[in-house]
Amino acid sequence: MLAAPPYLPYLLAALAVLLLSWLAWRRPDRRRLVWRLLASAVAGISLVLLLFPPTYQRALDPSTAILLTEGYAPDSLHSLLQNLEPRPLIYTYQTEAPDAVAIPDLYTFRGEQPQIQTVHVLGYGLGEQELQAMQGVNLIPHLSGIPTGIASVTWPEIISLGEAVTMAGQYTLPSAKETTLYLRAAGQAHDSITLKEAGRHTFQLRYTPKQAGRYTYTLVTRSDNNTDTLGQVPVQVYPASKPAVLLVSSFPLFEFKFLKNHLGELHHKVALRSTVSKGMYQSEWLNMSQTDLSRITPKLLRQFDVVITEPQALQELSSTERAVLQRAVTEDGLGVLTIAGEQLGSRTTAFFTNFQSKRLSQQDTRTARANWISNSIAAAIPASPYTLVNSEAVSGLIEEQSNNLLAAGRKAGWGNVAMTVVPQTFSWQLEGKQNTYASYWAHLLSSVAKREVKEKFWQLAKPQIPQLHQPVTLKLTDYTLDNPVDAPKATVRSIVDTTLTGIALQQGVHQPEVYEGTFWPQRKGWHVIESQGVEPFYFLVQDSSAWTHQGIQAKREATLKFATQQQRKQTTSSTAYAEEQVPVIWFFLLFVLSSGFLWLEEKL
């Protein structure tokens, strides 16, 4: 097929203008003649340009490209284009944009465009696997922020029965539209928070499971009668541990007696030592063999997980006994809880009682309202005239009003030391509030007692929330291996399936006791990873549409890390020219306006 001669559009335009001008000139009415001739010229030229659109040369930089990813802002693209001359090439990956070339695969893109040396990335960025295709180019990120909704969220994967599942995070609200977050368990909303102001809000939701087992809760948002599920919250609840308790008091106390009997009924190992007179002690044992309690020794303390005492008893210990008790905390992980009345401690007991406090009452006692489970009714209890002050160095265990604490704890080496200013809780038992009493002490003991040290265990390394068809990194720590020759073997399966998937484990370079492997889940639901001699580890795989902030954050972090670690190389700028067609819409509008004027002018 022969191409049209280059002079043909000009010839046709000239003929069209002459014909329309002659028709306008020959009319007897000489009014508006100049306007008719001008409209005739415009109509003739625009009609020809509609059929033969003109082109122009645009300067391009073939060595620079803009890559638009999910979440890019058109304003950011416009601003970047104003600062880049000559104009770079524009591509899109897993998103859409006008006047941009879609890329189905980044490796294909690099193969077809080897001349590209610099890539400006807009949007949320690229994942770790995708960034491997961008090796060898200078990647410059212009990333978008986290969108509306969940910005971050955390919760404990494993808890003991009686502990609360505490879900904390941040939620971004774009406008002052009332939005409510619900933590739903067994089809019912058990805790909620309502957000009313625009901005980023910190939230915390809690729920206390009633039985041990594996559970899947959900976080739900409601706004304008629209309800959306943000994601699932998997939690494994283990039976409550029964720590062995040593009670040490300076004289017989009802508080210690009631606590000894309560713990004994729950089958805890309990020993009680009360000072009768100097050097003479009254000893009692429950659910354990009798042992010598007259001196605090390392051998004695190795039989217990937590020591409960009071300031005067600590002072009456010899310096050697206090040193033994302190080493048991810092080196062996023992927990020590001090029950303080009017006397909060002294310099000799500072390791165990050094908590910041303030006096609230001039009376010997006051009534406080204790709270240790979110959204529960605070329980009234007699307390000392002091309160413990909240700070970054301590963690609150029992709360009261005005951000003050009735009990607080802090880490001390491998163990914990804690103090409470509630000297008597047996009044709850006398009032028939057995559940309140049991819950209070279960919470305190689980917070302070020695933690079980595992020599072999699995962990979920990343991501925080496993998702369908996305890589999951699982980590095995084994402190028992001595110069292993072969890496341990491990298999993963869905709990509703019997198909085993083996994963290859790679030993850590700097931590030889740690092995890591990658698993690609193909179905949703609970999975378990198993290896010989190690307790099975369960994790939940969710749909890729859940917790969208996780994928966005992962892409942002991976892109920024890639851009930071890459070695910038010198690039050579060049200019190329591309022939682009002038949009025909302009010629169409000119033709419609000019021909419309000629038609209307003839009718007047």
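Here are three short exercises, with worked solutions, on the surface and the salt bridges of this predicted model.

**Exercise 1.** Find which residue lysine 177 meets in a salt bridge, and where the two partners sit.

*Solution.* Start with the contact: the side chain of lysine 177 meets that of aspartate 224, with N to O at 3.8 Å. A salt bridge needs these atoms within 4 Å, so the pair qualifies. Next, place the partners: lysine 177 is in the loop between strand 8 (165-173) and strand 9 (179-185), while aspartate 224 is in the loop between strand 12 (213-223) and strand 13 (226-238). The two are 47 residues apart. Finally, check accessibility: aspartate 224 is exposed at 52%, and lysine 177 is partly exposed at 40%.

**Exercise 2.** Work out what the salt bridge between arginine 493 and glutamate 530 ties together.

*Solution.* First, the distance: the closest N and O atoms of arginine 493 and glutamate 530 are 3.4 Å apart. Then, the location: arginine 493 belongs to strand 28 (residues 490-494) and glutamate 530 to strand 32 (residues 525-531), so the bridge ties together parts 37 residues apart in sequence. Both ends are partly exposed, arginine 493 at 23% and glutamate 530 at 27%.

**Exercise 3.** Identify the nonpolar surface patch that includes Phe588.

*Solution.* Begin with the helix: phenylalanine 588 is found in helix 14 (residues 585-603). Its relative accessible area is 42%; patch members need over 30%, so phenylalanine 588 passes that cut-off. Now add its companions: Ile585, Trp586, Leu589 and Val592 complete the patch, and together the five have about 500 Å² of accessible area.

Terms used:
Residues are numbered from 1 along each chain as its sequence is written. This is a predicted model: local features need pLDDT of at least 70, side-chain atom pairs count only at pLDDT 80 or more; totals for chains, interfaces and linings use all residues. Side-chain values use heavy atoms; hydrogens and water are left out. Patches are made of residues with over 30% relative accessible area and no salt bridge: like charges are joined within 9 Å, nonpolar side chains (Val, Leu, Ile, Met, Phe, Trp, Tyr) within 5 Å. Accessible areas come from the Shrake-Rupley method with a 1.4 Å probe; for residues, only the protein chains shown count as cover. Helices (H or I, at least four residues) and strands (E, at least two) are DSSP runs, numbered from the N terminus. Buried means under 20% relative accessible area, exposed over 50%, partly exposed in between (1.4 Å probe, protein chains only).
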